[in-house]
Amino acid sequence: MISYTSFSFFILYFRITYLLYVITPQKAKWCVLLAGSYVFYFFSSKGHIVSLIAATLIVWACGLWMEKLDKSFKSKRKGLEKPERKKLKAQYSRYKSWVLALGVVSTLALLIVSKYTNFFIGTANTLFSSHIGEVDIVQPLGISFYTLMAVSYLADVHAGKYAAQKNPLRVGLYLAFFLTIVEGPFARYDQFGTQLQTCKRFDPSDFVYGAERVMWGLFKKIVIADRAAEFVDAVFDNSADYSGVVVAAAILFYTLQLYCEFSGVMDIMCGLGEAMGLKLPENFARPFFARSINEFWQRWHITLGAWLRDYIFYPISFSKTFMNASKKARAKFSPYYANLIPTAVALFFVWFGNGFWHGAGWKYIVYGLYYYVLMMVAMFMEPLFRKLCEKTKIDRTSKGFGYFQMLRTFVIVNIGMLIFRADTLKQAASMFVSVFANPNLKAMLPGAHNGFGLDLNDYLILVLGTVVLFVFGLAQEKGVDIRARIAKLPFIVKFVMFMAALFAIIIFGAYGEGYGKVDLIYANF
């Protein structure tokens, strides 16, 4: 694919698209974005564009179908008595639900066939000792992202949140927009689709403001994430050769790599969007300041968590079956557990879906359920923890306890990252055990013939880069709007800062001789 951090993307693709976007009349700007998005997708996906077009047509047609049913109901209900109106409404509600199901199942089928067919074949072979051969199917670029956006659009039209879009090309732009299709974020149609329709007029201040964020994202991706990847790949690709502090460092470096890459790319996408006058939803909010797993996932991949909440958790929780189960639970358990038990069941589907969305493999499902189990233990044991803290006089509101919670959450997250990064669950378990064996600090030293690909300068840049991340994150956590403060500085000061950042990325970036090409991690999902 055309990498978002590549020279060709910025100098060739984005520059041309941006210039055309700026000079095009207001009413036609969305056409430039549509053409640019499809050109980007066609070349990035090597021509595999049929699934995207099919999903677009399904979503567009089913959306209009549901709206047509609404109009038909409104015209037929006139003059009817209340019982007949109620009966007619129930009939049309069933029709709409069937259309919704048709649209959702059809779009999900495109995803499941392309991404999960071989997973199901492998699972069947293991369970039934069969010998079904794997199928050579190309997974379309970004299908996991645009499929969920398609489902959210259909669900919202069904709920009457907004009217269906009549122009299939505008639906196509919403699903294929080049800044969101590869790694997200998940932009709801009412959040972002309407922006793509109106397209804000060019404002030089938007460009400057967006460029600042792009620089910050490039710093995270090229200077930190791509450098950490050298160490991570060296250890995980030969995990049997390492143990102790080396494996522990590899896990920590992978957490650093994934965060800086994913959040860095989100910064780049949001910055480029701001330069065009488009506001993308935020996807990260300093997750490593979180004090619990639940809070961590409210700060990490925010738009995915919100999607799972709104389109899996809420529909299940408010269904008749679960409402009845909740009533029965209140008759048998204390109020706390009566509310918790139905919630726990609904959350299982959320976390199973979280893991399964990430990849076609059992390790991804275990990755999702790992967080589910820990959250359930914490929630079910909360009354006991509260009593224990009261008896031991531990102040759970104190700063010290808050730091403990952050450290505990950080450790839990790193174990989850090990599961996520390892090739198999067996490798993850083996590496976890090896952390506690043969602690050899010398193996980490540069020049120790360790084959990590990093020298002393690389280590220093990683340490300093991490310190910069922490300082900026801490300031933002305390409510300091760094970009707003930079915006108030004199032009010459801002220009010097911008050029300094640019040269820092050029000089300290992990690219060129001695560094391997690092593909975007979430582009594989």
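How many salt bridges does the structure hold? In this predicted model, the structure holds 20 salt bridges, and several of them are described here together with the helices and loops in which their partners are found.

One salt bridge is formed where the side chains of lysine 161 and aspartate 190 meet, with a distance of 3.4 Å from N to O. Because lysine 161 lies in the loop between helix H5 (143-158) and helix H6 (168-176), while aspartate 190 belongs to helix H7 (residues 189-198), this pair ties together parts that are 29 residues apart in sequence. Lysine 161 is partly exposed, its relative accessible area being 46%, and aspartate 190 likewise counts as partly exposed, at 33% relative accessibility.

A salt bridge also links glutamate 261 with lysine 221, whose closest N and O atoms are 4.0 Å apart. Glutamate 261 lies in helix H9 (residues 245-275) and lysine 221 in helix H8 (residues 204-236), so that parts 40 residues apart in sequence are tied together by the pair. Both glutamate 261 and lysine 221 are buried, a term that stands for a relative accessible area under 20%.

Within helix H14 (residues 362-391), glutamate 382 and arginine 386 are 4 residues apart, and are therefore separated by about one helical turn. The side chains of glutamate 382 and arginine 386 meet in a salt bridge with an N to O distance of 3.8 Å, and arginine 386 is partly exposed, with a relative accessible area of 38%. Elsewhere, Arg213, Lys220, Asp267 and Glu282 are joined into one network by salt bridges that share partners.

The surface carries a nonpolar patch formed by Val463, Val467, Val468, Phe470, Val471, Phe472 and Leu474, which together have about 550 Å² of accessible area. Of these residues, valine 467 is found in helix H17 (residues 456-477), where the relative accessible area of valine 467 is 44%, a value that counts as partly exposed.

With regard to enclosed space, the count comes to 1 cavity of 30 Å³ or more, and the largest cavity has a volume of about 30 Å³. The lining of the largest cavity includes Tyr18, Tyr21 and Val22, as well as Lys200, Arg201, Phe202, Asp203 and Asp206, and also Ala275, Met276 and Gly277. Helix H1 (residues 7-23) gives the most to this lining, with 3 residues. When the lining residues are sorted by class, 6 are nonpolar, 1 is polar and 4 are charged.

Terms used
Residues are numbered from 1 along each chain as its sequence is written. This is a predicted model: local features need pLDDT of at least 70, side-chain atom pairs count only at pLDDT 80 or more; totals for chains, interfaces and linings use all residues. Side-chain values use heavy atoms; hydrogens and water are left out. On a 1 Å grid over the protein atoms alone, a cavity is a set of points where a 1.4 Å probe fits but cannot get out, and a pocket is an open set with protein on both sides within 12 Å along at least five of seven lines; lining residues have an atom within 4 Å of a point. Grid points are joined across faces, edges and corners, and a volume is the space filled by probe spheres set on the points. Helices (H or I, at least four residues) and strands (E, at least two) are DSSP runs, numbered from the N terminus. Ala, Val, Leu, Ile, Met, Phe, Trp, Tyr, Cys and Pro count as nonpolar, Asp, Glu, Lys and Arg as charged, and the others, Gly among them, as polar. Patches are made of residues with over 30% relative accessible area and no salt bridge: like charges are joined within 9 Å, nonpolar side chains (Val, Leu, Ile, Met, Phe, Trp, Tyr) within 5 Å. Accessible areas come from the Shrake-Rupley method with a 1.4 Å probe; for residues, only the protein chains shown count as cover. Buried means under 20% relative accessible area, exposed over 50%, partly exposed in between (1.4 Å probe, protein chains only).
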